[in-house]
Amino acid sequence: MSSGIKLSSPGESTPAGVAGGVATVRELTRLERIGAHSHIRGLGLDDSLDPRKGGSQGMVGQAGARRAVGVIYRMINEGKIGGRAILLAGKPGTGKTAIAMGLAQQLGEDTPFTTMSGSEVFSLEMSKTEALTQALRKSIGIRILEETEVMEGEVVEIQIDTSFSSGEKAKSKGGMEKTGRLTLCTTDMETVYDLGTKMIDALSKEKVTAGDVITIDKASGKITKLGRSFSRSRDYDAMGSSTRFVQCPEGELQKRKEVVHNVSLHEIDVINSRQQGFLALFAGDTGEIKGEVREQIDAKVVEWREEGRAKIVPGVLFIDEVHMLDMECFSFLNRALESDMAPVLVIATNRGIAKIRGTEYKSPHGIPLDLLDRLMIVSTEPYTHEEVLKILSVRCEEEDVEMADDAMELLARIGTETSLRYAIHIIIAASLAAEKRKAAEVEIEDIKRVYRLFVDVKRSTQYLMEYNKEFMFNELDDEAGLYGAGTGDGIESEDGASKKGKDGASPAGKDVEMKDESTP
């Protein structure tokens with residue numbers, strides 16, 4: 001029975017039998033999630049590890065940091081690095097996470113890449129060291145090589161017979177029993193095989209017909225359709241728009257093929273520690289895994305590697321906001337990096353001289369000195385005005401927003417004086433404002449409107465400084481100046497707030513000049 005809904009194109013006439021005589025036209029669009037780093041496609045480096053110009057692969061600026069991470073990428077790709085740790089350190093909004101995401105995209109799907117935040121360790125229902133152990137083992141890939149026997153050939157004929165039978169199996173299927181014969185051939189030979197009920201069902205499921213080239217796994221009975229034989233290229237009735245033509249196989253029908261399985265150490269741990277086997281991977285929280293299980297698995301993996309049946313692929317574990325870890329976690333990471341099967345650890349932080357969590361000791365980046373000594377530190381620098389302009393242009397393209405050149409220039413100026421993240425957030429809001437007034441592109445007035453509606457951190461802090469006595473549980477101290485709202489930025493620190501800033505002035509005492517109504 002066909003569906004009663006029809007999607008008609010704008011130029012298609014309405015059938016006379018449709019009630020009301022009105023054709024409903026609906027446009028089907030593919031929905032995509034746009035994230036903060038969805039525009040990143042790689043590191044944007046050429047073969048000599050020099051950054052390409054023009055925002056290649058979504059990366060803009062940070063040439064030195066990208067070049068350094070490019071060296072790390074090449075070492076990971078060649079399998080020459082493991083148990084090393086890299087620290088991405090810089091101010092907030094300088095592209096640390098973007099560089100890590102670019103590294104993940106560059107490595108591809110075959111190299112494990114695990115991402116986590118430092119605070120996740122304390123929110124899971126397991127010990128901190130167990131959470132880190134699972135993250136580390138997720139980042140270590142095992143490439144298992146397995147030889148299997150398959151039958152590969154072109155289907156000459158499929159003959160299926162249905163007969164009545166009084167057997168137990170036939171009774172469960174209404175007294176009907178299926179038998180059949182399959183004729184396969186190569187360029188050198190032809191063989192006929194008897195088919196059982198399961199094989200007949202598998203052939204029907206794959207819609208195998210005469211002229212198809214298929215492979216049958218002898219161990220599991222799995223059937224894979226490779227394509228259609230070139231000898232049937234003129235059989236137009238059995239062809240479709242997506243038909244793929246392949247050559248008829250040569251040699252013997254039965255062959256031995258090498259199959260590669262890519263799994264992580266953590267997946268092997270879960271399969272061997274739960275009664276459900278591999279189904280435990282879909283259960284979500286896997287809980288804590290005993291150390292004895294991991295020791296046995298490690299010994300087996302080493303045995304497979306010595307026999308040439310498996311290859312270890314060291315991946316990458318990326319921990320963002322690493323300053324949220326405490327002394328126990330840092331000590332564990334110190335020890336874990338000395339393991340034979342340790343991944344590459346990439347951590348990122350935006351802290352300066354800060355206290356190590358849970359202690360009163362201060363250290364650079366909030367990381368203990370003994371771990372800092374192991375790190376290869378890559379610094380990120382603040383973006384220039386031209387780089388901010390280019391990043392905003394890339395984000396507008398990613399979010400499918402048309403913006404006038406003068407509006408883009410103004411938005412880049414706002415991003416330079418406030419923060420890049422604030423400017424990126426304005427893009428989609430300004431697009432909605434332009435859409436409301438039925439404009440084709442975002443103009444300066446849309447940027448101005450959104451700028452007045454949503455304040456940045458500095459203007460918000462300025463407001464708090466002016467009206468601090470009216471807020472509950474207020475603790476005003478000299479550190480408010482760190483947000484651009486202290487003495488010397490047009491705001492008095494304690495004796496009373498300056499009137500500056502109430503009329504929409506720019507943060508940090510830098511008034512944005514109103515020229516031809518072109519700036520907020």
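A nonpolar core is a set of buried Ala, Val, Leu, Ile, Met, Phe, Trp, Tyr and Cys residues joined through side-chain atoms within 4.5 Å. In this predicted model, the largest such core has 30 residues. Five of them touch the most other members: Leu 392, Met 403, Leu 411, Ile 426 and Ile 447.

Four helices each give two or more residues to this core. They are H11 (385-398), H12 (405-417), H13 (420-436) and H14 (444-453). H13 supplies the largest share, nine residues. A second core lies apart from this one and holds 26 residues. Val 322, Cys 329, Phe 330 and Leu 372 are among them.

Now take the helices of the largest core in turn. H11 has 14 residues, which at 1.5 Å a residue should span 20 Å. Its end C-alpha atoms are 20 Å apart, so expectation and model agree. Val 388, Ile 391, Leu 392, Val 394, Arg 395 and Cys 396 are buried in H11. The buried residues of this helix pack against H12 and H13. After H11 comes Asp 400, with a positive phi near 60 degrees.

H12 has 13 residues. From first C-alpha to last it reaches 19 Å, close to the 18 Å expected at 1.5 Å a residue. Its buried residues are Ala 407, Met 408, Leu 410, Leu 411, Ala 412, Ile 414 and Gly 415. They pack against H11, H13 and H14.

Which residues does Leu 411 contact, leaving aside its neighbours within four places in sequence? They are Leu 392, Met 403, Ala 423, Ile 426, Ile 427 and Ile 447. Leu 392 is one of the buried residues of H11. Leu 392, Met 403, Ile 426 and Ile 447 also appear, with Leu 411, in the group that touches the most other core members.

Turn next to the sheet. It is open, has five strands and pairs them in parallel. The order is E2-E11-E12-E1-E15. E2 and E15 (375-379) are the edge strands, and each pairs on one side only. Neighbouring strands are turned by 20 degrees against each other on average, direction ignored.

Two pairings show the register. E2 and E11 run parallel and share five bridges. Here Met 116 has Ile 319 in E11 as its bridge partner. E11 (residues 316-320) then pairs with E12 (residues 344-349), again in the parallel sense, over four bridges. Leu 317 stands opposite Leu 345 in E12.

Helix H2 (residues 96-107) lies across E1 (85-89), E2, E11 and E12. It runs at about 160 degrees to E2.

How do the two faces of E2 divide into covered and uncovered? In a regular strand the side chains alternate between the two faces of the sheet. On E2, Thr 114 and Met 116 form the covered face. Phe 113, Thr 115 and Ser 117 form the uncovered one.

Thr 114 sits in strand E2 (residues 113-117). Is Thr 114 buried or exposed? The cut-off for buried is under 20% relative accessible area. Thr 114 has 13% relative accessibility, so it counts as buried. Beyond residues up to four places away in sequence, Thr 114 touches Ala 135, Lys 138, Ser 139, Val 316, Leu 317 and Phe 318.

Ala 68 makes a contrast. This residue lies in helix H1 (residues 63-77). Its relative accessible area is 32%, and therefore Ala 68 is partly exposed. Along the chain, Ala 68 and Ile 377 are 309 residues apart. Their C-alpha atoms are separated by 9.6 Å.

One helix pair remains. Two packed helices are described by the angle between their axes and the distance between the axes. The axes of H4 (residues 128-138) and H7 (residues 265-273) come within 6 Å and cross at roughly 115 degrees. Gln 134, Arg 137 and Lys 138 come from H4. They meet Leu 265, His 266 and Asp 269 in H7. By class, the residues of this contact divide into one nonpolar, two polar and three charged. Lys 138 also touches Thr 114.

Last, the whole chain. The protein chain has 15 helices and 15 strands. Of its 520 residues, 40% count as buried. Among contacts with a separation of 6 or more, 65% join residues 24 or more positions apart.

Methods: Residues are numbered from 1 along each chain as its sequence is written. This is a predicted model: local features need pLDDT of at least 70, side-chain atom pairs count only at pLDDT 80 or more; totals for chains, interfaces and linings use all residues. Side-chain values use heavy atoms; hydrogens and water are left out. Axes are lines fitted to C-alpha atoms, for helices over the stretch in contact, and angles run from 0 to 180 degrees between N-to-C directions. Contact means heavy atoms within 4.5 Å. Ala, Val, Leu, Ile, Met, Phe, Trp, Tyr, Cys and Pro count as nonpolar, Asp, Glu, Lys and Arg as charged, and the others, Gly among them, as polar. Buried means under 20% relative accessible area, exposed over 50%, partly exposed in between (1.4 Å probe, protein chains only). Two strands pair if DSSP finds at least two bridges between them. The expected span of a helix is 1.5 Å times one less than its number of residues.
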